[in-house]
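Please open the model in your viewer and keep the selection panel at hand. The tour below goes from stop to stop, saying what to select and what is found there.

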Amino acid sequence: MSGMKMVGLKLDGRTVQAPEGTSVLKAAELAGIAIPHFCYHPAFEAEGNCRMCLVEIEDLPKLELACSTVVREGLIVRTSTPSVLQARKDVLEFLLAEHPLDCPICDKAGECKLQEYYDRHGLFPGRFVEAKEKRDKKVAIGKGLLLDRERCILCTRCVRFLRKVTGTGELGVFERGVRAEIGTYDGVPVDNNYSGNLVDICPVGAITDTDFRFKTRAWFLKKGPTVCPICSRGCAVVVESVTGYPLGIDERKVFRIKAGENPSVNGTWICDLGRAGRRDIDERRHVRVMKNAVPEEELSWQKALADVTARIRAVPGPERSAKIAVVLNSRLTCEELVLARRIFAESLGLGKISFADPKPGAADGFLLTEERVPNARGVLQSGFSPVLPDLDTLAAAEVVLVFGSHLLEHFSEEAISRALAGIPSKFLFSAHAGPLDRSAEIVFPVAVPAEKSGTYVNIDGLRQSFGRAVEPPPGVVPELEIFGCLANGLGLNRGEPDAC
Amino acid sequence: MKIGRVLKELLRGAGITARHFFVNMVFHTLKLFGVRTKRRGAVTIQYPEERKELSPRHRSLHRVLSREDGKPRCVACMLCVTVCPSECLSVEAAEDDDPEVQKYPARFVVDLSRCCFCGFCVEACPVDAIRMDTGEIRLASYARSGLDLPLEKR
């Protein structure tokens with residue numbers, strides 16, 4: 001915030017500094033004072049329709065909105081006087097007069113602002129004896145989104161998101177006064193690549209996602225922050241999963257992926273492809289080492305990998321460059337790529353290191369990029385020059401190691417199996433089951449990016465390190481460990497010996 | 001020598017039994033004549049032929065209650081699952097076509113091999129859908145699978 005003019009104001013008796021032009025709400029947040037709010041969202045201009053953020057400002061006759069009052073030098077703000085607390089209660093009482101007590105069946109329960117604020121600022125007994133207004137409980141507004149008009153508190157965050165962020169403006173407020181409701185124009189559904197954010201920004205459970213609806217409760221979810229591996233933008237995401245109870249023992253399921261916060265990359269938004277990435281973590285996963293397309297219950301990956309090192313060692317040194325081929329991919333982390341480079345390029349002296357990546361898609365002009373891999377810059381920085389493998393040169397090799405199953409996106413299944421048919425030793429390291437499994441001699445299960453910790457370099461050259469968001473299934477490890485074992489087995493390790 | 005010690009212990013045991021018999025008889029006799037005593041004679045119930053009546057606030061096998069139209073009352077909010085200290089409940093929610101119901105349990109299984117009959121699930125239920133008042137207390141089974149009770153089918 002250097003260069004920005006700071007103004008001094010008094011917040012609850014404390015003198016604090018805030019950059020000029022910020023709202024009282026933001027200034028309070030910076031000072032560690034939380035002012036409750038529904039309609040305010042840092043990404044949009046303040047609208048001030050929920051009236052929840054009322055605060056007392058000296059010399060002003062009435063309570064003022066913290067979200068739309070800009071800080072001034074010498075402003076004296078009080079956020080917890082009796083009149084402010086009473087105003088919060090009153091706002092909550094008005095909202096709850098029409099809000100159904102749906103919490104047991106509402107997906108938002110546990111992370112709902114209305115629930116949270118009632119607990120913190122409300123706690124009044126209900127005084128309304130009148131029946132609550134009946135409205136539509138299940139309106140499909142497009143892309144798996146369901147709108148519950150009874151739960152809606154008309155904060156218009158969704159309307160503003162679609163107008164200001166995506167620019168598509170599919171939703172609007174229709175009718176006036178007590179009949180006001182959110183709806184689509186002439187039934188034209190919400191259809192953009194950022195629709196999932198509507199569920200995230202809805203402060204109550206009015207907009208829910210059919211993909212998550214009724215699957216579990218919010219308080220069971222373990223949140224693991226990581227970097228999205230779908231494209232080269234590298235958005236911050238939070239993988240929300242349950243391991244064990246209330247699922248079965250040792251069962252693991254990723255229920256949803258939500259947007260994380262990273263002001264320098266994605267702000268607070270992520271695209272729907274990133275959200276759908278939860279299927280990559282759970283579905284079609286390899287969990288066992290497969291030998292000749294048969295899953296081996298007893299065979300550990302360490303034992304199977306000893307076989308791989310033996311085959312590599314069997315190739316005499318001078319012939320290695322021609323007889324060993326390696327296919328990597330740009331979903332590997334920088335750490336893995338560095339290790340791969342040490343092993344395959346520097347120690348074994350291989351010339352045939354190629355890359356098979358998902359095919360580029362169309363960029364959408366906002367977050368989603370054309371490159372559908374997270375670490376293309378990291379590949380370059382690790383000293384590789386990624387080229388697509390040539391099937392003829394692959395067929396001439398004796399030992400082939402393929403990481404990832406994206407060869408299929410560039411060559412037909414028959415062409416690959418024909419090329420691999422004559423190779424005596426072919427090993428596949430893949431997280432997901434697929435047609436390539438049949439062509440490989442041994443298939444090793446590997447972790448998906450969410451189960452790894454490492455570093456990705458995004459399209460703008462930003463290096464982002466991330467931790468493990470979910471535990472991999474038992475017996476499944478990241479490529480980093482496989483490379484480490486491979487280095488040990490080949491006698492390249494100069495550091496401390498590890499498990500293998 | 002050894003036999004003598006065994007006999008001595010046998011007689012001591014018989015003495016204890018006899019003592020209990022006579023002490024209990026005294027208290028039962030006193031009760032018969034209407035004399036109130038602090039201690040009461042022990043009663044043996046010939047279970048399973050004879051059954052003691054369960055207290056009205058006892059906790060026995062769970063049941064899931066139905067609405068008037070036969071649908072389960074449970075809305076699959078999983079508060080029972082959340083509160084369960086022995087982690088024995090497993091509820092899977094499904095979407096009901098009726099927008100007033102919305103959510104119902106497609107699967108509601110209690111693992112009796114883990115249940116400690118604390119009754120927290122009954123306390124936590126916001127719609128009074130689960131109760132532990134069936135009076136069913138003989139829940140033994142020859143196989144563990146027999147202890148996984150799907151309650152949504154009852």
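In this predicted model, begin by selecting helix 2 and helix 3 of chain A, whose crossing is left-handed. The contact is made on one side by A:L85, A:R88, A:K89, A:L92, A:L95 and A:L96 of helix 2, and on the other by A:L114, A:Y117, A:Y118, A:H121 and A:G122 of helix 3 of chain A. Sorted by class, the residues of this contact are 7 nonpolar, 2 polar and 2 charged. To show the whole elements, select residues 82–98 for helix 2 and residues 113–122 for helix 3 of chain A; they pack at an angle of about 140 degrees, and their axes are 10 Å apart. With angles over 145 degrees counted as roughly antiparallel, helix 2 and helix 3 of chain A are therefore described as oblique to each other.

Zoom out next to the whole of chain A, which has 14 helices and 22 strands. Its C-alpha atoms fill a box of roughly 90 × 50 × 40 Å along the principal axes, and of its 500 residues 44% are buried. If contacts in chain A are restricted to residues at least 6 apart in sequence, 65% of them join residues at least 24 apart.

Now look for the open sheet of chain A in which 7 strands follow the order 15-14-20-19-18-16-17, with mixed pairing. Select residues 294–295 for strand 15 and 353–355 for strand 17 of chain A: these stand at the edges with a single partner strand each, so one side of each has no neighbour in the sheet. Within this order, strand 18 (residues 399–403) and strand 19 (residues 425–430) of chain A run parallel and are joined by 5 bridges. To see one of the paired positions, select A:F403, whose bridge partner in strand 19 of chain A is A:F429. As you follow such a strand, bear in mind that in a regular strand the side chains alternate between the two faces of the sheet.

Go back towards the start of chain A and select residues 6–11 and 14–19, which are strand 1 and strand 2 of chain A, running antiparallel and joined by 6 bridges. These two strands form a hairpin with 2 residues between them, and in the turn A:D12 has a positive phi of about 50 degrees. Beside the turn, A:L11 stands opposite A:R14 of strand 2 of chain A.

The next stops concern the backbone. Most residues other than glycine have a negative phi, and most peptide bonds are trans. Select A:T156, a residue other than glycine whose phi is nevertheless positive, near 60 degrees; A:T156 lies in the loop between strand 7 (145–147) and helix 4 (157–164) of chain A. Is A:T156 buried or exposed? A residue is buried if 20 or more other C-beta atoms lie within 10 Å of its own, and because A:T156 has 21 such neighbours, A:T156 counts as buried.

Then select A:E175, which also is not a glycine and has a positive phi of about 60 degrees, in the loop between strand 8 (171–174) and strand 9 (181–184) of chain A. A:E175 has 9 C-beta neighbours inside 10 Å and therefore counts as exposed.

For a cis peptide bond, select A:Y245 and A:P246, where omega is near 5 degrees; A:P246 is found in the loop between strand 12 (236–243) and strand 13 (252–259) of chain A. In chain B, the peptide bond from B:Y47 to B:P48 is cis, with omega near 5 degrees, and B:P48 lies in the loop between helix 1 (2–32) and strand 1 (63–64) of chain B.

Remain with chain B and select its open sheet of 3 strands, in the order 2-3-5 and with antiparallel pairing. Strand 2 (89–95) and strand 5 (148–150) of chain B are the edge strands, each pairing on one side only, and the twist from one strand to the next averages 20 degrees. Strand 2 and strand 3 (residues 103–111) of chain B are paired over 7 bridges, and B:E92 has B:R107 of strand 3 of chain B as its bridge partner.

Finally, show both chains together: 15 residues of chain B are in contact with 9 residues of chain A. On the side of chain B that touches chain A, the elements giving two or more residues are helix 2 (79–83) and strand 2 of chain B. The residues on this side of chain B divide into 9 nonpolar, 3 polar and 3 charged.

Key: Residues are numbered from 1 along each chain as its sequence is written. Chains are lettered from A and ligands numbered from 1 in the order in which they are written. This is a predicted model: local features need pLDDT of at least 70, side-chain atom pairs count only at pLDDT 80 or more; totals for chains, interfaces and linings use all residues. Two strands pair if DSSP finds at least two bridges between them. Helices (H or I, at least four residues) and strands (E, at least two) are DSSP runs, numbered from the N terminus. Axes are lines fitted to C-alpha atoms, for helices over the stretch in contact, and angles run from 0 to 180 degrees between N-to-C directions. Angles under 35 degrees count as roughly parallel, over 145 as roughly antiparallel, 65 to 115 as roughly perpendicular and the rest as oblique. A crossing is left-handed if the near helix is turned anticlockwise from the far one by less than a right angle, and right-handed if clockwise. Two residues are in contact if their C-beta atoms, placed from the backbone, lie within 7 Å. Ala, Val, Leu, Ile, Met, Phe, Trp, Tyr, Cys and Pro count as nonpolar, Asp, Glu, Lys and Arg as charged, and the others, Gly among them, as polar. A residue is buried if 20 or more other C-beta atoms lie within 10 Å of its own, exposed if 12 or fewer, and partly exposed in between; C-beta atoms are placed from the backbone.
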